[in-house]
Amino acid sequence: MTTLPDNILHPLKAKIVGFHEEENEYSFQVEYPDPVICPNCAVYGEVVRFGKKEMKLRDLPLHGRWVTLWLIRRRFLCRACNGTFSPALPEMAEGHRMTKRLSDYIIKAAVGRTNSDVGREVGVDEAIIRKLFRDHAEAQKGRYKPSAPRVLGIDELYLQRTYRCVLTNIEEETIIDLLESRTKPQVTAYLSRLKDRKDIEIVCMDMWNPYREVAKALMPDAAIVVDKFHIQRMANEAMEKIRKGIKAGLSQHRRRALKGDRKLMLMREHDLSPMNRMVVDTWLNQFPELGAAYRLKEEFLNIWNLENESDAKEEYRRWHSSLTPEERPQWAPLTTAMSNWEAEIFAYFGDGKRNTNAFTESFNAKIRKAYQEGNGYSFEVLRAKVLFTDVMQRKARRVEQVKVKRRPRFDELE
């Protein structure tokens, strides 16, 4: 047998009595020391062997290879009480035929990775990993007690043919929870139970009226802010619709002159390179209606560069009054939203303190990716993976943010 270090399976207390090596796997035959005290009658020195069987268990991978433990499980007879027993195996998760340390590793790894990926790494069937994580998630479910943030983000995500509500702590960039739906009763029920709800000062959201109604009812003193990126997106969509209409009415020859126009038209003017700026100016001169739409888009987006709420409102009124009768229907979705959500949109410049829902939007993308990689997790499993992943990321950030005491320079030493 190949000579192995005595501590290669440390901290397992099992003794290695056999070893076999294959290309992708190490196999260890192990056993535990014989007990000297009967667990039934507590008599010392009367325990003798009474039979054995061999159990196959998985352990943590070693050197990139799977590890199998062939455990010699002995049965013992106590001559004092005539009882038989098999010693407990505190280092093994017997119900899953693996060591406890492997079980713990699988649960932690499965938080941020797919079950199949973890299974390939450790040599365990995906169904077992799924059950381990499901049991763990169920155990954690009742322990997770989030508290209210100062700046709350509310958004939704379309998964499994249903809109799910996503709640985040925008300042700390962490997720609070993923709700099964975005309905007013469910959002109300959750936020009404949220610890320290009175501490919420700002609520960032998109233009979904039930969110506004819930926020006003449960957090009447909080500033409600419509995410500026939602309203800016509407300006881009209006201009894009105008661009498509203009292009559709052109001959094939003239349409060719606008090659690559979509990307450049959606870019901010200040982000254009000198060459692209020349191209855009040429288009705007050749197609006056497109030029007018582009200028309106740029002027509207420039409103968000202003310093205060009164200036922003005044600039929007000027912009709105500049629309011609022909242009008003084209920009109606945007102007209607501005009218219906005026207070919440312009709160960005005031009590909203320029907060946006950008973090919530970016986290939505992570949730969608986790769902796709997981080949359609159930909602409960997806929620657990999302929450536990974020908790782990939060802890990592806190570790990184711990300030290390500065060591004095040599010239500061006495």
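Lys353 counts as exposed, at 54% relative accessibility; here exposed means over 50% relative accessible area, buried under 20% and partly exposed in between, computed with a 1.4 Å probe on protein chains only. This is a predicted model, in which local features need pLDDT of at least 70 and side-chain atom pairs count only at pLDDT 80 or more, while totals for chains, interfaces and linings use all residues. Residues are numbered from 1 along each chain as its sequence is written, and side-chain values use heavy atoms, leaving out hydrogens and water.

Let us stay with Lys353 for a moment. Lys353 sits in the loop between α13 and α14 (358-373); helices (H or I, at least four residues) and strands (E, at least two) are DSSP runs, numbered from the N terminus. The phi of Lys353 is near 50°, a positive value in a residue other than glycine. Arg354 lies in the loop between α13 and α14 too, and its phi, near 60°, is also positive. With 32% relative accessibility, Arg354 counts as partly exposed. Most residues other than glycine have a negative phi, and most peptide bonds are trans. On the second point, look at His10 and Pro11, which are joined by a cis peptide bond with omega at about 10°. Pro11 belongs to the segment before β1 (15-21).

Now to the helices, starting with α12. In helix α12 (residues 332-340), the buried residues are Leu334, Thr335, Ala337 and Met338. They cover an arc of only 160° around the axis, which puts them on the same side of α12; the arc is that of the directions from the helix axis to the C-beta atoms. Pro333 and Ser339 are exposed on the other side of α12. What do the buried residues of α12 pack against? Their partners are α6 (228-248), α10, α11 and α13 (342-346), where contact means heavy atoms within 4.5 Å.

Two packed helices are described by the angle between their axes and the distance between the axes. For α6 and α12, the angle is about 155° and the axes are 8 Å apart; axes are lines fitted to C-alpha atoms, for helices over the stretch in contact, and angles run from 0 to 180 degrees between N-to-C directions. α6 and α12 are therefore roughly antiparallel to each other, a label for angles over 145 degrees, with under 35 counting as roughly parallel, 65 to 115 as roughly perpendicular and the rest as oblique. On the α6 side, Ile231, Met234 and Ala235 meet Pro333, Leu334, Ala337 and Met338 of α12.

Next comes the pair α10 and α11. The axes of α10 and helix α11 (residues 309-321) come within 10 Å and cross at roughly 165°, so α10 and α11 are roughly antiparallel to each other. Their crossing is left-handed, meaning that the near helix is turned anticlockwise from the far one by less than a right angle, whereas clockwise would make a crossing right-handed. Leu296, Glu299 and Phe300 of α10 make the contact with Tyr316, Arg318 and Trp319 of α11.

α10 also leads us to α9, since α8 (261-266) and α10 (288-302) are what the buried residues of α9 pack against. Those buried residues are Val280, Trp283 and Leu284. They cover an arc of only 95° around the axis, which puts them on the same side of α9. The face turned away from the buried side of α9 carries the exposed residues Pro274, Met275, Met278 and Asn285.

Helix α4 (residues 184-193) can be read in a similar way. Val187, Tyr190 and Leu191 are buried in α4. Seen down the axis of α4, these buried residues fall within an arc of 90°, so they line one face of the helix. An α-helix has 3.6 residues a turn, so residues three or four places apart point the same way. The buried residues of α4 pack against β8 (151-159), β9 (162-169), β10 (174-179) and α5, while the face turned away carries exposed Pro185 and Arg193.

Finally, visit Arg73 in strand β4 (residues 65-78). Is Arg73 buried or exposed? Arg73 is buried, with a relative accessible area of 14%. Leaving aside neighbours within four places in sequence, Arg73 is in contact with Gly51, Lys52, Lys53, Met55, Ser86, Pro87, Leu89 and Glu94.
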